Protein chains: 2
Amino acid sequence: MSECFDQRIALTVDVVIFTLLDNALKVLLIRRRREPFAGMWALPGGFVHPQESLEDAARRVLYEESGATDVYLEQLYTFGHPDRDPRQRVVTVAYFALVSADRLPLDVQSPRSSERGWWPAYEPPPLAFDHADILAYALQRLRYKLEYTAVGFQLLPETFTLTELQMAYETILREQLDKRNFRRKVLAAGILEETDAFKSGGHRPARLYRFRREATVESTARRLFP
Amino acid sequence: MSECFDQRIALTVDVVIFTLLDNALKVLLIRRRREPFAGMWALPGGFVHPQESLEDAARRVLYEESGATDVYLEQLYTFGHPDRDPRQRVVTVAYFALVSADRLPLDVQSPRSSERGWWPAYEPPPLAFDHADILAYALQRLRYKLEYTAVGFQLLPETFTLTELQMAYETILREQLDKRNFRRKVLAAGILEETDAFKSGGHRPARLYRFRREATVESTARRLFP
DNA sequence: CTCTTATGGTGTCGGCCTGACACTTATGGT
DNA sequence: ACCATAAGTGTCAGGCCGACACCATAAGAG
């Protein structure tokens, strides 16, 4: 590291906030009021304050825009192409967050204003800046994590049925999964615990499960070499 | 993304440069001449110039400090704790690079000055700033990538024997691998091609292999769900 | 009360991948 | 020629995975 000079690069965080609503994977977008890209949709973001860590900044943006706290948040990638912002040099540290719908305030779940909305993550509107790249990268990472780890619970309420869990996986991966194999694997992974409650919705009641907090989230992945 | 104000956060890149020398995984460190941490060892790094992308900055630092070009380089993580630098707020985008020893200029392979040196990656000296964290994270990522992908070739010369490849893997993973299983797997992955050359070093000659450039580097990983 | 309907829940079998394991082959040096 | 040393090769057993079909249970309709 050489010594310092002033270079005036602005630093922001952008947060890709995912949730499941109406059996679809949604992402929170904000409509831009000012130039550049006025009127277009963009990821929630903001400048990093001088005394706050990057993750703190991301949590602040997450809370300001979605009202959610204590949710899964992970650094995604840092985007710094010199002209990704036409005004000045802006480098952004992108995060992605998984929020279960029941942790969102009601006015955020169904925003009244047209300035903010939950969009289908796989069919977003045109986005400002390089946010389409950021979203695409976040989706890739989410699918990847879902395939190798147990992070899907973060999008569900405290307790859930195995069918609900499977539907969440199918929604995000966009493919059908075999019910028996899904159950076998997810139970063998040892990351769920039964509750003694059931969910009865007109038909045979389904057992509710809960995520085992003590279980390491990075569960069963396979190694190329032993 | 809200609108801009001046916040004077400095932005740097730090590059964890790995190579294999003397049958050990080494990392390039630079001795700091100035405060803070004067006299301590640190990762090569530098400020991001106003008109260059993050990856360009990382390649520039990589070239300035090691003389290597056209090598494997990947963004690692962005470290931004508010007081990771005691002078001022500095956020650093860390990269890691894999360089085969034969692409290093001779004076870099065996530096004369005591201001720069290749240190055992698993037994580094005390490091300035939070560079020990960055190095630990890079090692974890390197092991991970090695287990799941075929990235190990980047540390070897253009052609190499399977035993050399296996030794590289054993050095980095710090465990012994079975010769027959290693060969079976690495050949089944289809990322190598035979050359018709052999390496004869006093005993039975070993066939030389080459990395198939057309092969996708992200090769055979396993999915948790089909 | 019974029947219908819709979802919840369960087991097996074959194929493939993986990990454990030992001997023969080829060369250079003595 | 003999020896030392590294290169190179195959099998077998266990576990994991993917494919596949039927019974159980509750609510609601008649």
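**Figure 1. Protein surroundings of DNA strand D.** Among the atoms of DNA strand D within 4 Å of the protein, 47% are part of sugar or phosphate, while the rest are part of bases. The view is taken from a predicted model. DNA strand D has 21 residues around it; those that come nearest are Gly202(A), Arg204(A), Thr163(B), Lys179(B) and Arg207(B). By class, the surface near this strand comprises 12 charged, 5 polar and 4 nonpolar residues.

**Figure 2. Polar contacts of side chains with DNA strand D.** Arg184(A) places a polar side-chain atom 3.0 Å from a base nitrogen of DNA strand D. In chain B, an N or O atom in the side chain of His203(B) lies 3.1 Å from a base oxygen of the strand. The side chain of Thr163(B) has an N or O atom 3.0 Å from a phosphate oxygen of DNA strand D. Two or more residues of the surface near DNA strand D are given by each of these elements: α5 (179–188) of chain A, and α5 (179–188) and β10 (206–211) of chain B.

**Figure 3. Protein surroundings of DNA strand C.** DNA strand C is surrounded by 21 residues, of which Lys179(A), Arg207(A), Arg184(B), Gly202(B) and Arg204(B) are the closest. Of the atoms of DNA strand C that come within 4 Å of the protein, 46% belong to sugar and phosphate. The surface near this strand consists of 12 charged, 5 polar and 4 nonpolar residues.

**Figure 4. Polar contacts with DNA strand C.** A polar backbone atom of Gly202(B) is 2.5 Å from a sugar or linking oxygen of DNA strand C. Two side chains of chain A are also shown. An N or O atom in the side chain of His203(A) is 3.3 Å from a base nitrogen of DNA strand C, and an N or O atom in the side chain of Arg183(A) is 3.4 Å from a phosphate oxygen of the strand. The elements that contribute two or more residues to the surface near DNA strand C are α5 and β10 (206–211) of chain A and α5 of chain B.

**Figure 5. The open sheet of chain B and its helix.** In chain B, an open sheet is formed by 3 strands in the order β8-β10-β9, with antiparallel pairing. Strands β8 (159–161) and β9 (192–199) of chain B each have a single partner strand and stand at the edges, so one side of each lacks a neighbour in the sheet. On average, neighbouring strands are turned by 40° against each other, direction ignored. Helix α4 (residues 162–173) of chain B packs on this sheet and touches β8, β9 and β10 of chain B. The direction of this helix makes about 85° with that of β8(B).

**Figure 6. The β9–β10 hairpin of chain B.** The antiparallel pairing of β9(B) with β10(B) extends over 5 bridges. Leu192(B) has Phe211(B) in β10(B) as its bridge partner, and Glu194(B) has Tyr209(B) of β10(B) as its bridge partner. The hairpin has 6 residues between the strands. Gly202(B), in this hairpin, adopts a positive phi near 90°.

**Figure 7. The two ends of helix α5 of chain B.** At the start of α5(B), a side-chain oxygen of Asp178(B) comes within 3.1 Å of the backbone nitrogen of Arg180(B). Gly190(B) follows the helix and has a positive phi, near 75°.

**Figure 8. The open sheet of chain A and its helix.** In chain A, 3 strands in the order β8-β10-β9 make up an open sheet with antiparallel pairing. Its edge strands, β8 (159–161) and β9 (192–199) of chain A, each pair on one side only. Neighbouring strands are turned against each other by 40° on average, direction ignored. Strands β9(A) and β10(A) run antiparallel and are joined by 5 bridges; Ala206(A) in β10(A) is the bridge partner of Lys199(A). Helix α4 (residues 162–173) of chain A packs on the sheet, where it touches β8, β9 and β10 of chain A. Its direction makes about 85° with that of β8(A).

**Figure 9. The two domains of chain A.** Chain A is assigned domain 1 (10–147) and domain 2 (149–211). The centres of these domains, taken over C-alpha atoms, are separated by 27 Å. Contact between the domains involves 18 residues of domain 1 and 15 residues of domain 2 of chain A.

Technical notes
Residues numbered from 1 in each chain as written. Chains lettered and ligands numbered in written order. Predicted model: local features only at pLDDT ≥ 70, side-chain atom pairs only at ≥ 80, totals over all residues. Heavy atoms only, no water. Near = heavy atom within 4 Å. Polar contact = N/O pair within 3.5 Å; in protein donor to acceptor, adjacent residues only side chain to side chain. Helix = DSSP H or I, 4+ residues; strand = E, 2+ residues; numbered from the N terminus. Nonpolar A, V, L, I, M, F, W, Y, C, P; charged D, E, K, R; others polar. Pairing = 2+ DSSP bridges. Axes fitted to C-alpha atoms, helices over the stretch in contact; angles between N-to-C directions. Contact = heavy atoms within 4.5 Å. Domains from an automatic or database assignment.
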